[in-house]
Amino acid sequence: MGCWIWNESLSIILVLSWLGVNLYLFIDTFCWYEEEESFLYTRVILGSTLAWARASAVCLNFNCMLILLPISRNLISFMRGTSTCCRGPWRRQLDKNLKFHKLVAYGIAVNATIHIVAHLCNLQRFHWSQSAHAEGLLAVLSKLGNAPNESYLNPIRTFHTNTITELLTTIAGVTGLIISLALILIMTSSTEFIRQVSYELFWYTHHVFIIFFISLAIHGAGRIIRGQTLESQLRHNVTFCRDHYAQWQKAAPCPMPQFSGKEPSAWKWVLGPVVLYACERIIRFWRFQQEVVITKVVSHPSGVLELHMKKRNFKMAPGQYVLIQCPSVSRLEWHPFTLTSAPQENFFSVHIRAAGDWTEALCKAFGAEGPAPQELWSLPRLAVDGPFGTALTDVFHYPVSVCIAAGIGVTPFASLLKSIWYKCESQTQLKLSKVYFYWICRDPKAFEWFADLLLSLETLMSERGKAHFLSYHIFLTGWDENQAVHIALHWDESTDVITGLKQKTFYGRPNWSNEFRQMAYAHPSSSIGVFFCGPKALSKTLQRMCRLYSSADPRGVHFYYNRESF
């Protein structure tokens, strides 16, 4: 359990570090605006909401600086491949890039809400200070700018001004509204429900971030919130003059104060990440231009389309994925698919199941629904970006690996098992000495191509005398009465009636407690990598099992959990 705790502790440390920086920036900026002399007169009108607005703005800029980094796939792949800077638990943190991206997005939402509410209060205070009820220093400050050679502090010039109209005629007001609407669109379309119902809607609305960042960069250009200029501070001592406002311009120590807005700074925060992400998109565009040759199309009866492709200088590792675009279906959308081929093959392949508007249109374009396959020369053009690394690429780094798939989540493991097949055939020496493979599905016939792969692997392992190397367990969770009768009648046959494999299919769901206990007993002092692709509910169960059956003794067994996500 010790190593598992260290990995989880590292994740917690990174999250706490992010929270700590946010708190430091907020408190430091808040205190500065509460105490800074140049904003003393501004605070007379606005009070503490000035500090609330500015502190949340700094945190907003900080999080906007971070939000693009976790989705820069080429950067993450580069860091993953640089073993000197990303080893062990640090490398596993890269697999949580999407979690961090979501965490930062929540930070943006919280600080944006604080910023909006604070500025709405500021707007009301500006408006009220022009009323007949305002008196004393507050009234004097609000009237500044009416006489020649005076600079204003209050952007609302009269009490009868419509504040909403005034707001929408300023750069800050218009860009603030655009930023707010863009953020609402991005956040609401990113919910799991929307992504499952319409991935295309999520994809398109997420690209409103371009408008978000442009508006953010110019948001402060209006300089509505103003403070006393440095030159004015040297001539106009606020400590003395604030109590003698009736003598301004009359007494020598108190000339009329001059005000100006702060230079916009948001662009300085986001410039680096935006340039980095722009390079990411340029690389993607360059890869889009590269020719992809489709060498084979296989339409499986289960509604799965298999594509074999070739591309110049394409190098992959087991478990990686690519982004695919089909211009004839959509000129903007890129969708991720796990590679199901092995690095040793002279092509790369993906298996695509029709499970949405885009995938259905792609399968139709490639003749998956037709009576006969199309000629290769007549097929639509494809663009491929990648490959990109995921957690599964670390399978060969452990002496024992446990691969668990649910339903279509089996596709990432096809490349791995093929790679094992080729390595065993060439008798390559591996650090990996044992693989446990679990597959939970409702209908194995939906993935017949994968059962065929397991059959060929099973045959090879037997021929090489390495039948012990791969231990696989298939669990069927859905069947009808006719299937149950058919299974019972053929139960005594040497091969499984469902898959044709020597290993019989289990019916129902695995008892994970028993499975992990047996693995811990069989490998008492090993590091075991657990790799999963499937639903969140099962992911939480497996994560709990890894924690429960990892030893507190550093010399004991340790389970390292990795979830496939892209």
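Which two cysteines form a disulfide, and how far apart are their sulfur atoms? In this predicted model, where local features need pLDDT of at least 70, side-chain atom pairs count only at pLDDT 80 or more, and totals for chains, interfaces and linings use all residues, the pair is Cys-241 and Cys-254, with sulfur atoms 2.1 Å apart. Residues are numbered from 1 along each chain as its sequence is written, and side-chain values use heavy atoms, with hydrogens and water left out.

Taking a disulfide as a pair of cysteine sulfur atoms within 2.5 Å, the count comes to one. The link of Cys-241 and Cys-254 is left-handed, with -95 degrees about the S-S bond. Cys-241 sits in helix 14 (residues 238-241) and Cys-254 in the loop between helix 14 and strand 2 (259-261), so the bond ties together parts that are 13 residues apart in sequence. Helices here are DSSP runs of H or I with at least four residues, strands are runs of E with at least two, and both are numbered from the N terminus. Both ends of the link are tucked away: Cys-241 is buried at 0% relative accessible area, and Cys-254 is buried at 0% too. Buried means under 20% relative accessible area, exposed means over 50%, and partly exposed is in between, using a 1.4 Å probe and protein chains only. Two other cysteines also count as buried, namely Cys-363 at 3% and Cys-546 at 0%.

As for the overall build, the protein has 21 helices and 14 strands. Buried residues make up 48% of its 566 residues. With contact taken as heavy atoms within 4.5 Å, 75% of the contacts between residues at least 6 apart in sequence join residues at least 24 apart.

In soluble globular proteins, nonpolar side chains tend to be buried together. A nonpolar core is a set of buried Ala, Val, Leu, Ile, Met, Phe, Trp, Tyr and Cys residues joined through side-chain atoms within 4.5 Å. The largest such core in the model has 53 residues, and those with the most contacts inside it are Tyr-41, Leu-141, Phe-212, Phe-213 and Trp-248. Helix 3 (residues 49-66) gives the most to this core, with nine residues. Tyr-41 leads back to the disulfide: leaving out residues up to four places away in sequence, its partners include Cys-241, along with Leu-137, Leu-141, Trp-248 and Phe-259. A second, separate core has 28 residues, among them Trp-439, Cys-441, Leu-457 and Ile-474.

Next come the pockets. The search ran on a 1 Å grid over the protein atoms alone; a pocket is an open set of points where a 1.4 Å probe fits, with protein on both sides within 12 Å along at least five of seven lines, and lining residues have an atom within 4 Å of a point. Grid points are joined across faces, edges and corners, and a volume is the space filled by probe spheres set on the points. The second largest pocket has a volume of about 1,300 Å³. It is lined by 49 residues, and the closest to its centre are Arg-54, His-115, His-119, Ala-172 and His-219. Elements giving two or more residues to this lining include helix 1 (2-35), helix 3 and helix 9 (171-189), while helix 6 gives the most, with 10 residues. The lining divides into 29 nonpolar, 13 polar and seven charged residues, where Ala, Val, Leu, Ile, Met, Phe, Trp, Tyr, Cys and Pro count as nonpolar, Asp, Glu, Lys and Arg as charged, and the others, Gly among them, as polar.

A few single residues round out the picture. Glu-564 lies in the segment after strand 14 (558-563) and is buried, at 9% relative accessible area. Its C-alpha is 9.0 Å from that of Gly-319, although the two are 245 residues apart in sequence. Beyond neighbours within four places in sequence, Glu-564 is in contact with residues including Gly-319, Thr-338, Pro-412 and Cys-533.

Most residues other than glycine have a negative phi. Asn-313, however, has a positive phi near 60 degrees. Asn-313 is found in the loop between strand 4 (304-311) and strand 5 (321-325) and is exposed, at 69%. Phe-78, in helix 4 (residues 73-81), is exposed as well, at 58%. The C-alpha atoms of Phe-78 and Phe-388 are separated by 9.3 Å, with their positions 310 residues apart along the chain.
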